[in-house]
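Me: I'd like a close look at a single part of this model, with how that part sits in the rest of the chain. Can you walk me through it in one go?

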Amino acid sequence: MSLSLPFREDAFTEMERRRRSLPARMPPRTTSAAQLSLRSHIVQAAKSPTQEQNVGKDTPKPGDAAGASAPASAKGKPRLLLMGQRRSGKSSISSVVFHKLPPHETLFLESTARIQKDSMASFMDFQVWDFPGQIDILENPDFDMEAIFGQVGALIWVIDAQDDYLEAVGRLNATILALQGNYPFINIEVFIHKVDGLSDDYKLDIQRDITIRIQDELSDHGCENAPVTFHLTSIYNHSIFEGFSKVIQKLIPRLGTLESMLTNLCRTCRFEKAYLFDVLSKIYIATDSSPADMASYEICSDYIDVIIDITEVYGTWHRSEDGRKKLEGAPWGVKLEDQVGCATAESCLVLHDSRKPIMLREVDRYLALVAIMKEDSYDKMPLVNMNVDAVVEGLTDFFNITRRKS
């Protein structure tokens, strides 16, 4: 995995140095409750190492009992394998989620004839392998199983809910049983796909039937605790992004620390919901502890698209020297970089129907913090900005600490 540096107790040393180096005319900032909470989370995580700190070690070979506690995806970039029957929708999923292809244009995609490998430059560099449905790697001795599954973070098996899925379930069971012996740490994610045209009751019936068939077959072969998770997905709504969000979250070490940061931010600023998005794919890698709301996720996801579109049209705003001197002169007397809440990008809008502001704050070139505020939150924006700034710095430190050296 690509996020695996050990925690350091001096994670906030750089933040303190920046604060002390501010001009004397700028009033000192008091330490907010969010900053104190973030510090305690980082220090506590550093003092109580868990199994996730072993992610950077070499992956054990099959049958190596001494290293059986290390995940199988530890040697390099996490790999997502898209597998399933022909015409189940694997290539459409990859194109919509990772290449921003409009869903209606997937009708013109040709069937995959060979393994498609995509490397995603994101907050966590990972690979997506799209396998042709007609290839059965278990029955073909020419495939190197270690080369395929040795660095896998998750195997995503796509099942067409609008087609006869008995053969797909049978192949999935055979694949799970074959992997459990040598690669038991691979997450098996079952995407019950193309459910957009089905009623809610019929969706649940199909999911229940597939779940029972898989679990009964695995139980009959003595495989009781296989890591299999089921998702109802469609490329014509945000359910496919929701499904991939759940998949990616399992690959992030110390995900609970990120969730605690967002939960404390929502509690301190009285936000309704907060998401940490991967901007390129619109997958959210963390959210607060409040119940998930698909409507709020869709709004925040679409808002990212709006900001990206505006940025592509207008580009970066460059101020003239005269403009900078006026802003940095009296009565402020502070450099422009220290006056703005975020040096990269931030925005806020208010929804007309619900009167709820939505705030977006860029964490780095790949991540953005998007939060839905309450109606009266806009009146306390200085305090909100201070707490959001503390969380953004904490998130930056988190990924700098946990990102493995290349």
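Reply: The side chains of Ser91 and Asp130 are joined by a polar contact of 2.7 Å. Keep in mind that this is a predicted model. Ser91 lies in helix 3, and with a relative accessibility of 19% it counts as buried, because the cut-off for that is under 20%. Setting aside its neighbours within four places in sequence, Ser91 is in contact with Leu109 and Thr112 as well as Asp130.

So what about the helix that carries this serine? Helix 3 spans residues 90-99, and nine of its 10 residues are buried, so the rest of the structure largely encloses it. The buried ones are Lys90, Ser91, Ser92, Ile93, Ser94, Ser95, Val96, Val97 and Phe98. Notice that the list has a lysine, Lys90, and several serines in it, alongside nonpolar names such as Ile93 and Val96.

Have a look at the two ends next. In the loop between strand 1 (79-84) and helix 3 you'll find Arg87. Its phi is near 65 degrees, a positive value in a residue other than glycine. Just after helix 3, Lys100 also takes a positive phi, of about 55 degrees. Most residues other than glycine have a negative phi, which is the background for picking these out. You can find another case in Lys194, with phi near 60 degrees. Lys194 sits in the loop between strand 5 (187-193) and helix 6 (200-220), and it is partly exposed, with a relative accessible area of 25%.

Now for the partner of helix 3. Its axis and that of helix 7 (residues 239-249) come within 11 Å and cross at roughly 80 degrees, so the two helices are roughly perpendicular to each other. On the helix 3 side, Ile93, Val96, Val97 and Phe98 make the contact, and they meet Ile240, Phe241 and Phe244 of helix 7. By class, that contact has seven nonpolar residues, no polar ones and no charged ones. In general, an α-helix has 3.6 residues a turn, so residues three or four places apart point the same way. With that in mind, try picking out Ile93, Val96 and Val97 on helix 3.

Phe244 is a good residue to follow from here. Beyond its neighbours within four places in sequence, it is in contact with Leu80, Leu82, Ile93, Val97, Phe98, Ile156, Phe191 and Ile283. The largest nonpolar core has 64 residues, and Phe244 and Ile248 are the ones with the most contacts inside it. Helix 12 gives the most to this core, with eight residues. Apart from it lies another core, of 35 residues, including Leu155, Val190, Ile214 and Leu218.

Since helix 12 came up, here is how it packs against another helix. Helix 12 (residues 381-402) and helix 8 (residues 255-269) have axes 10 Å apart and pack at an angle of about 175 degrees. That makes helix 8 roughly antiparallel to helix 12. In helix 8 the contact uses Thr257, Leu258, Met261, Leu265, Thr268 and Cys269, while helix 12 brings Val384, Asn387, Val388, Val391, Gly394, Leu395, Phe398 and Phe399. Those residues divide into 10 nonpolar, four polar and no charged.

Back towards the start, there is a polar contact elsewhere that's worth a look. Gln127 lies in strand 3, residues 126-130, and its side chain is joined to that of Arg79 by a polar contact of 3.4 Å. Gln127 is buried, with a relative accessible area of 19%. Leaving aside its neighbours within four places in sequence, Gln127 is in contact with Lys77, Pro78, Arg79, Leu80, Asp118 and Ser119. Leu80 is also on the contact list of Phe244. As for Val152, it is 25 residues from Gln127 in sequence, and the two are 9.2 Å apart in space, C-alpha to C-alpha.

Finally, the whole chain for context. Its secondary structure comes to 12 helices and 11 strands. Of its 406 residues, 48% are buried. Among contacts between residues at least 6 apart in sequence, 70% join residues at least 24 apart. One such pair to try on screen is Phe244 with Ile93, which brings you back to helix 3.

Definitions and conventions: Residues are numbered from 1 along each chain as its sequence is written. Side-chain values use heavy atoms; hydrogens and water are left out. Helices (H or I, at least four residues) and strands (E, at least two) are DSSP runs, numbered from the N terminus. Buried means under 20% relative accessible area, exposed over 50%, partly exposed in between (1.4 Å probe, protein chains only). Contact means heavy atoms within 4.5 Å. A polar contact is a pair of N or O atoms within 3.5 Å; within protein, one must be able to donate a hydrogen and the other to accept it, and residues adjacent in sequence count only if both atoms are side-chain atoms. Axes are lines fitted to C-alpha atoms, for helices over the stretch in contact, and angles run from 0 to 180 degrees between N-to-C directions. Angles under 35 degrees count as roughly parallel, over 145 as roughly antiparallel, 65 to 115 as roughly perpendicular and the rest as oblique. Ala, Val, Leu, Ile, Met, Phe, Trp, Tyr, Cys and Pro count as nonpolar, Asp, Glu, Lys and Arg as charged, and the others, Gly among them, as polar. A nonpolar core is a set of buried Ala, Val, Leu, Ile, Met, Phe, Trp, Tyr and Cys residues joined through side-chain atoms within 4.5 Å.
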